[in-house]
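Please walk me through the sheet in this protein and the way its strands are connected.

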Amino acid sequence: MNGQLQAVPEDWNRAMAIVAHPDDLEYGAASAIARWTRAGRSVAYVMVTDGEAGIDGLHPLEAGPVRQKEQVASAALVGVGDVAFLGHHDGVVEGGLDLRRDIAREVRRFRPEVLVTATFELTYGMGPGQHILSQADHRAVGVAVLDATRDAGNRWIFPELLDEGYAPWDGVRHVYVMGANEQLKAKHRALWAAGDYPAVATDLIPTLGPTLVESSGVRAGHRVLDVAAGSGNAAIPAAATGASVVASDLTPELFGAGRRIAAQRGVAPEWVEADAEALPFADASFDVVLSCVGAMFAPHHQATADELIRVTRPGGTIGTINWTPPGFIGQLFATMKPYAPPPPPGASPAPLWGDEEHVRALFGDRITDIDVQRRTVVMEHNGDPAGFREYWKRNYGPTIAVYKHNATDPDRVAALDRDFLELLTTWNEADTPGRTRYQAEYLLVTARRSLT
Ligand SMILES: [Zn+2]
């Protein structure tokens with residue numbers, strides 16, 4: 001683990017990890033378990049299957065005992081001596097009452113306060129940008145663990161367990177789910193749906209999209225993709241050239257505003273919900289791929305860069321506008337950072353996309369004709385710096401999220417208010433009282449995808 005995970009409470013004594021297969025825990029939880037057992041916690045493992053169908057060249061009758069033995073040995077390495085195998089069939093685990101009963105029995109037997117299981121989502125994240133289709137056993141077991149946790153606490157569910165001597169246990173306080181990639185995405189999506197990003201884009205940076213479209217040479221007949229398009233700051237001016245445009249964003253809540261703005265300009269780009277790190281478009285399917293202060297906020301930069309290149313046709317253009325670290329918006333993020341929740345594992349800070357070396361390294365030799373320019377956009381607001389601070393707090397998702405994270409601590413909110421106001425006061429260039437004016441630096445990058 002890389003130290004960027006949010007710490008979980010450790011004020012408990014007993015944990016049980018319940019997963020489908022031998023080796024599932026070694027993919028995501030064993031290092032945490034080692035830490036817990038070293039600190040004196042008791043941890044037990046439950047394997048729903050023996051993993052007997054997991055080795056192509058080995059018959060299940062032989063593979064099962066091999067994998068059991070491996071699991072017992074790897075459990076011992078992290079201080080776990082209690083390893084149970086429930087004997088369900090590998091690869092064809094059936095969700096349902098038998099599975100719930102078997103898991104509830106284990107929970108009642110060990111009486112854990114903490115449960116660990118694997119994700120029950122359709123996909124899981126093994127690392128930056130690696131979204132792998134999950135396996136049916138994982139989905140069945142994950143959901144059954146959640147259900148069995150409740151079953152374990154209710155004496156009237158599976159009363160036969162009482163006859164077997166297992167009293168109800170309703171002491172599970174936390175269930176931790178490994179590899180829950182969709183939750184991270186859902187969080188990001190909610191972050192950008194909060195407040196009014198379309199207003200921020202329209203009020204503060206209306207010229208950025210047209211600048212990017214022009215610099216990237218978009219013209220009629222081009223097939224154009226705007227990644228992390230928001231309400232279409234680049235997609236709409238791109239469509240106005242006569243290009244055929246897809247506006248994609250993780251947050252479809254922004255599309256309503258985008259459609260209204262597009263309709264006012266007499267254009268109709270196609271709106272597609274999409275994660276910049278896993279774009280749902282074929283290789284080489286666009287002449288121009290744009291992102292205007294959008295893709296920079298996807299947490300895994302390399303995965304995003306790889307996707308921008310992949311969907312651009314060889315010889316096609318990639319154009320991005322990103323806030324620079326020392327510029328006004330970079331500093332706005334730096335101001336919020338000490339108050340923000342820790343970033344997810346493997347995430348890089350968004351303003352790094354405004355660093356030329358970083359961007360060159362992300363694209364590597366897969367591009368040619370790279371052109372990099374530092375420019376500024378002027379943001380003006382009709383109000384004093386304190387009023388502008390309230391504008392950000394009302395409208396800008398990342399700011400809203402940081403304040404929400406500190407909502408129960410008035411001292412921290414006051415400190416953030418103070419730091420934020422200091423930033424807005426220091427950077428204000430307006431001569432007239434009651435008005436504010438900022439120069440926000442960005443990096444404009446255009447490049448061609450290599451032909452080979
Ligand atoms: Zn597995």
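**The sheet and its crossover**

Cys292 stands opposite Ile321 in strand 12. This is a predicted model, and that pair is a place to enter the sheet. Strand 11 and strand 12 run parallel and are joined by six bridges. To get from strand 11 to strand 12 the chain passes through helix 11, and the resulting β-α-β crossover is right-handed.

Helix 11 covers residues 301-311 and lies across four strands: strand 8, strand 11 (286-292), strand 12 (312-323) and strand 14 (436-449). Its direction makes an angle of about 140° with strand 12. As for strand 11, seven of its seven residues are buried, so by the criterion of 20 or more other C-beta atoms within 10 Å this strand is mostly covered.

Next comes strand 8. Three bridges link strand 8 to strand 11, again in the parallel sense. One residue to look at here is Val224, whose bridge partner in strand 11 is Val288. Val224 also has a bridge partner in strand 9, namely Val245. Strand 8 (residues 223-226) and strand 9 (residues 244-249) are parallel as well, with four bridges between them.

Now the whole sheet can be put together. It is open and has seven strands, in the order 10-9-8-11-12-14-13, with mixed pairing. At the edges are strand 10 (270-273) and strand 13 (367-381), each of which pairs on one side only. From one strand to the next, the twist averages 20°.

Technical notes: Residues are numbered from 1 along each chain as its sequence is written. This is a predicted model: local features need pLDDT of at least 70, side-chain atom pairs count only at pLDDT 80 or more; totals for chains, interfaces and linings use all residues. Two strands pair if DSSP finds at least two bridges between them. Helices (H or I, at least four residues) and strands (E, at least two) are DSSP runs, numbered from the N terminus. Axes are lines fitted to C-alpha atoms, for helices over the stretch in contact, and angles run from 0 to 180 degrees between N-to-C directions. Two residues are in contact if their C-beta atoms, placed from the backbone, lie within 7 Å. A residue is buried if 20 or more other C-beta atoms lie within 10 Å of its own, exposed if 12 or fewer, and partly exposed in between; C-beta atoms are placed from the backbone. A crossover is right-handed if, with the strands pointing away from the viewer, the path from the first strand over the helix to the second runs clockwise.
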